[in-house]
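Q: Please take a close look at one part of this structure and describe how it is put together. I would like the cut-offs stated with the terms, and some indication of where the model should be trusted less.

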Amino acid sequence: MVTRPETGSGAIFPARPVPRPRARLFLFHHAGGSHLAFRDWARYFPPDWEVCLTDAPGRGMLADETPVGDTETLVRTFLDELLLRLDRPFAFFGHSMGALVAHELTLALAAARLPVPVWLGLSGRGCPRAVAERPTALHRLSSGQLRAELARMGGTPRHVLDDPELWGLLEPVIRADFGLVENWRPAVDRDLDVPVPFTVFGAARDPWASPAELAGWAEYGEHFRGCRVFEGGHFYFASRGGEIPSLVEQEVRAALAGTPARPRS
């Protein structure tokens, strides 16, 4: 059972409050998703870690807010709440859209000379070069086509796609999220290298992030710690229980044991 915040907008909140945590782990959800994607993960981590879940506008406590359609605004939404939680070593893990958000947040913290994650986990998203080379337009599909694509991708309960009322609530969020992801492009003169240790995760049969596109992250900085590819599709982690959280814990522990990451000059 998650605990909602007494302060802040509700975009970030602990799965379980931990007084004076040794570390914090922030989990960023996929397009069309919510904190529910990671609601069971907290039990796999040490009790002195505070696992923080996230909800972009349009879901959770922010369900009455208009979904955000651009990366800069969404990053700023999370950054405003992160500033309240940077008093402990912390790490990011994001899946798909969440990987885009986690990467951009890391760059934003470094640019502002604020504390940066000790480790970054990027899941289900190809490297920036690969993303720019394969544009898609799922957010422009008809309602029927979009539902069919989501059913093929997995990750969205079938009853939600088949129920007109539930689909009516979800469709604007899905379109905004997909538009955000698909309209993102790397600026020509912008340094996208990751300034902290980072690991990439994905699946062998993911149509949205192939193993080659995942491996391309090796080009983005000297702190690349490798690429872990699993059997399955885009939501490869959903049926693996504690396997992925266990690997995340190993990576974060290794980073905590090393020299804390600092923003680059």
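The answer below deals with the sheet and with what packs on it.

A: This is a predicted model, in which local features need pLDDT of at least 70 and side-chain atom pairs count only at pLDDT 80 or more, while totals for chains, interfaces and linings use all residues. Residues are numbered from 1 along each chain as its sequence is written, and side-chain values use heavy atoms, with hydrogens and water left out.

Confidence comes before the sheet. pLDDT is the predictor's confidence in each residue, from 0 to 100. The chain has a mean pLDDT of 89, with 94% of its residues at 70 or more. The value is below 50 over residues 1-6, a stretch with 21 contacts in the model beyond near neighbours in sequence; a contact means heavy atoms within 4.5 Å. Residues 259-265 also stay under 50, and the model gives them 16 contacts beyond four places in sequence. Where pLDDT is low, the predicted coordinates should not be read in detail.

Helices and strands are DSSP runs numbered from the N terminus (helices H or I, at least four residues; strands E, at least two). Two strands count as paired if DSSP finds at least two bridges between them. The sheet is open and has seven strands in the order 1-3-2-4-5-6-7, with mixed pairing. Strand 1 (12-14) and strand 7 (224-230) are the edges; each has a single partner strand, so one side of each lacks a neighbour in the sheet. On average, neighbouring strands are turned by 20° against each other, direction ignored. Axes are lines fitted to C-alpha atoms, for helices over the stretch in contact, and angles between N-to-C directions run from 0 to 180 degrees.

Strand 2 (residues 23-28) and strand 3 (residues 49-54) run parallel and are joined by four bridges. In one of the pairs, phenylalanine 26 has cysteine 52 of strand 3 as its bridge partner. Helix 1 (residues 71-82) packs on the sheet, where it touches strand 1, strand 2, strand 3 and strand 4 (90-95), and its direction makes about 45° with that of strand 1. Helix 8 (residues 243-257) also packs on the sheet, touching strand 2, strand 3, strand 4, strand 5 (119-123), strand 6 (198-203) and strand 7, with a direction at about 170° to that of strand 7.

Accessibility is classed as buried under 20% relative accessible area, exposed over 50% and partly exposed in between (1.4 Å probe, protein chains only). The buried residues of helix 8 include Ile244, Pro245, Leu247, Val248, Glu249, Glu251, Val252, Ala255 and Leu256. Those buried residues pack against strand 2, strand 3, strand 4, strand 5, strand 6 and strand 7. Helix 8 has 15 residues and spans 21 Å from first to last C-alpha, close to the expected 21 Å at 1.5 Å a residue; the expected span is 1.5 Å times one less than the number of residues.

On helix 1, threonine 71 counts as buried because its relative accessibility is 11%. Apart from neighbours within four places in sequence, threonine 71 is in contact with Leu100, Glu104, Leu180 and Trp184.

Strand 4 and strand 5 run parallel, joined by five bridges; histidine 95 stands opposite serine 123 of strand 5. Five of the five residues of strand 5 are buried, so this strand is largely enclosed by the rest of the structure. Both of its faces are covered, with Trp119, Gly121 and Ser123 on one side and Leu120 and Leu122 on the other, all buried.

Two loops carry an unusual backbone angle. Most residues other than glycine have a negative phi. Arginine 20, in the loop between strand 1 and strand 2, has a phi near 50°, and this arginine counts as exposed because its relative accessibility is 70%. Serine 96, in the loop between strand 4 and helix 2, has a phi near 60°, but serine 96 counts as buried because its relative accessibility is 15%.

A nonpolar core is a set of buried Ala, Val, Leu, Ile, Met, Phe, Trp, Tyr and Cys residues joined through side-chain atoms within 4.5 Å. The largest one has 82 residues, among which Phe92, Phe93 and Val248 touch the most other members. Helix 2 (residues 97-111) supplies the largest share of this core, nine residues. Of the 15 residues in helix 2, 13 are buried.
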